[in-house]
Amino acid sequence: MEIEIATIGGYEEVGRQMTAVRAGDDIVVFDMGLNLSKVLIHDNVQTERMHSLDLIDMGAIPDDRVMSDLEGDVKAIVPTHGHLDHIGAISKLAHRYDAPIVASPFTLELVKEEIQDEDKFEVGNDLVEMDAGETMSIGDKNELEFVNVTHSIIDAINPVLHTPEGAIVYGLDKRMDHTPVIGDPIDMKRFREIGREDNGVLCYIEDCTNANKKGRTPSESVARSHLRDVMRSLEDYDGGIVATTFSSHIARVTSLVEFAEEIGREPVLLGRSMEKYSGTAERIGAVEFPDDLGMYGHRQSVDRAFERIMNEGKENFLPVVTGHQGEPRAMLTRMGRGETPYQIDDGDKVIFSARVIPEPTNEGQRYQSEKLLGMQGARIYDDVHVSGHLRKEGHYEMLDALQPQHVIPAHQDMAGFSGYVDLASSEGYKLGRDLHVTSNGNTIQLV
Ligand SMILES: [Zn+2]
C-alpha cells in the first residue's frame, strides 16, 4: 500500500496546523488550525466573514491546495484538541471535503461553536464523537485510533492511523503528565504497545514546540502546587487580587476557583472566552464548578459583576479574567487602562498563571499591560505555570516507546526544529533518510 504524508500547515510556524496522511485510497486529515498572530496583527479583522483564499493569503489558515496532489478520498478530519491553532480553520476549510469531523467530546463541542460562529460558509460535515481508547474503520484496510494524551487543554488525544504498512502516529500536542489535575494520565502503555505490534510505527509526526529545551516538562500538579503556594501566601491580604490564565486551560481555571474559596474569596470568571470555555466544559460534564460560580462574557454583564465586587468589597472576591498575553481588548488590559468599574489600588496583586508566548507581538503587549497595571500600583506574580509541550527528555521517551521508522518534526519553524534534529540524530535517525525536516505544502512518500 502506498503511504504518503502531506505537510500542509504548521511546518514553518507554531499555528495553522494541518497534515494529511494518504494510505492507499484513503486520506485522513489531522488538524485544521488558525495562526492567530497573523490575524491579530491587522486591526479589526473579522475572520468570521472572510473567504478562505484571503485567509490563506494572509498566512492565517493552511494552504490546502496541495490536497489536490493526493490521489484518494478524504475519509475523516481529525482535530487533536480544542486549541485554535488546531481547530480554528475547520469553519473555513472542512466544507470542501465530504468527510466527517471526528473528535473527542470537548474538542467536538468547541468545533461546533466555531461552526456556529462562522458567517461565510455553511459547514455541514457530520460531527462524530470518539473517546480516547476507541477506534473506527477508515476504508477497508485502515483503522483510526485515539490515544489519550495530556496537554494544557482537557480531552487531548494523539490519533493513530493503523495501516497494513505500520502505524502513523500524529503526535501533536502533548506533555507527559502522569498526575494531571483533570482527566487520565498520558497512555504511555498504549504507545509502547503500538511501537511493538505488527509492523510497528511507520511514521511519527512530532510536536517540537519545546524541543530546544532541556529536561522534562513538569506535571500540571506542579503548577497547581505553585499556584496554591502563591494564593495561600495572600490569605491575609485585604485588598484586591486578580488572576489570569488561558481560558481554555480548564484544569488551571478549576485550581484557581478552588484556591479562591480556600482563602475565603468568591471566584468570578470574567471575559468572553473565559465564559465560553468554562461554560462549555461544565455543560458537557467535563468539570464540576460550584453551583453559584459566576461566569460573565458580555461587556455589560462583566461591568455589572465588577460593580458588585466593588460594592461588596473586592477583598471578598477573586476575579479570574482574560488578558494573560496583554491582548489589547481583553479584560485585564482594560482593567489596567482603568476602563472597568474595578479599582486597582496600591499593593493589589495580579497573578499571571501563564507565561508570555515568546513572540514579539505578545511580548510587547504583555509589557504594556504590566506597565499599565503597575502604574495603578499593582504587584505582579509572573509565570505561575507549566508548559503543555514536551521538552527533550519527553521526546526521547516517545522515540523509545514508539521506535518509529520515520520521524517528521512539526509545530515549529526551522530554528525550532534544530533541537529535535539533534536529539533524533543522536538516536540514530539521519536527516534526509528517515528524519524528514520539511516545510508547508510538501508531500513525503514513505511507501
Ligand atoms: Zn495545543
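This briefing covers the overall build of the protein and then a handful of its residues. The model is predicted. The protein has 447 residues, and 59% of them count as buried. Its secondary structure comes to 14 helices and 19 strands.

**Overall shape**

- A compact globule with 447 residues would have a radius of gyration near 22 Å, and the protein has 22 Å, so the two agree.
- The C-alpha trace spans about 70 × 45 × 40 Å along the principal axes.
- Take the contacts between residues at least 6 apart in sequence: 75% of them join residues at least 24 apart.

**Surface and charge**

- About 17,900 Å² of the protein is exposed.
- Carbon and sulfur atoms supply 43% of that exposed area.
- The side chains include 44 positive and 78 negative ones.
- The centres of the positive and negative sets lie 4 Å apart.

**Aromatic pairs**

- Two aromatic pairs are present in the structure.
- One of them is formed by Phe30 and Tyr170, with ring centres 4.9 Å apart.
- Their planes meet at 20°, which is under the 30 degrees cut-off, so this pair counts as stacked.
- Phe30 sits in strand 3 (residues 26–30) and Tyr170 in strand 10 (residues 166–171).
- The pair links distant parts of the chain, as its two members are 140 residues apart.
- Phe30 is buried, at 0% relative accessibility.
- Tyr170 is also buried, with a relative accessible area of 0%.

**Two aspartates with positive phi**

- Most residues other than glycine have a negative phi.
- Asp31 is not a glycine, yet its phi is positive, at about 65°.
- Asp31 belongs to the loop between strand 3 and helix 1 (36–40).
- Asp31 is buried, because its relative accessible area of 0% is under 20%.
- Asp155 likewise has a positive phi of about 65° without being a glycine.
- Its loop runs between strand 8 (142–148) and strand 9 (157–163).
- Asp155 is partly exposed, because its relative accessibility of 30% falls between the 20% and 50% limits.

**Pro159, in strand 9**

- Strand 9 contains Pro159.
- Pro159 is buried, with 0% relative accessibility.
- Beyond its neighbours within four places in sequence, Pro159 is in contact with both members of the stacked pair, Phe30 and Tyr170.
- Its other contacts include Val78, Thr80, Leu144, Glu145 and Phe146.
- Ile168 and Val169 are also among the residues that Pro159 contacts.
- Ala401 is 242 residues from Pro159 along the chain, and their C-alpha atoms are separated by 16 Å.

**Ala6, in strand 1**

- Ala6 is placed in strand 1 (residues 3–9).
- Ala6 counts as buried, at 0% relative accessibility.
- Ile444 is 438 residues from Ala6 in sequence, but their C-alpha atoms are 6.4 Å apart in space.
- Leaving out residues up to four places away, Ala6 touches Asn442 and Thr443, among others.
- Met18, Thr19, Ala20 and Leu70 are also among the residues that Ala6 touches.

**Ala260, in helix 8**

- Helix 8 (residues 250–262) holds Ala260.
- Ala260 is buried, with a relative accessibility of 0%.
- Not counting residues up to four places away in sequence, Ala260 touches Met231, Arg265, Pro267 and Leu318.
- Ala260 and Leu293 are 33 residues apart in sequence, and 11 Å separates their C-alpha atoms.

**Arg228, in helix 7**

- Arg228 is part of helix 7 (residues 220–232).
- Arg228 is partly exposed, with a relative accessible area of 34%.
- Setting aside residues up to four places away in sequence, Arg228 touches Phe259 and Glu262.
- Val384 lies 156 residues from Arg228 in sequence and 9.8 Å from it in space, C-alpha to C-alpha.

Key:
Residues numbered from 1 in each chain as written. Predicted model: local features only at pLDDT ≥ 70, side-chain atom pairs only at ≥ 80, totals over all residues. Heavy atoms only, no water. Helix = DSSP H or I, 4+ residues; strand = E, 2+ residues; numbered from the N terminus. Rg over C-alpha atoms; globule rule 2.2 N^0.38 Å. Buried < 20%, exposed > 50% of the residue type's maximum accessible area, 1.4 Å probe, protein only. Contact = heavy atoms within 4.5 Å. Areas by Shrake-Rupley, 256 points an atom, 1.4 Å probe, with all protein chains shown as cover. Lys, Arg positive; Asp, Glu negative; His and termini not counted. Charge placed at Lys NZ, Arg CZ, Asp CG, Glu CD. Phe/Tyr/Trp six-rings, centres within 6.5 Å; stacked < 30°, edge-to-face > 60°.
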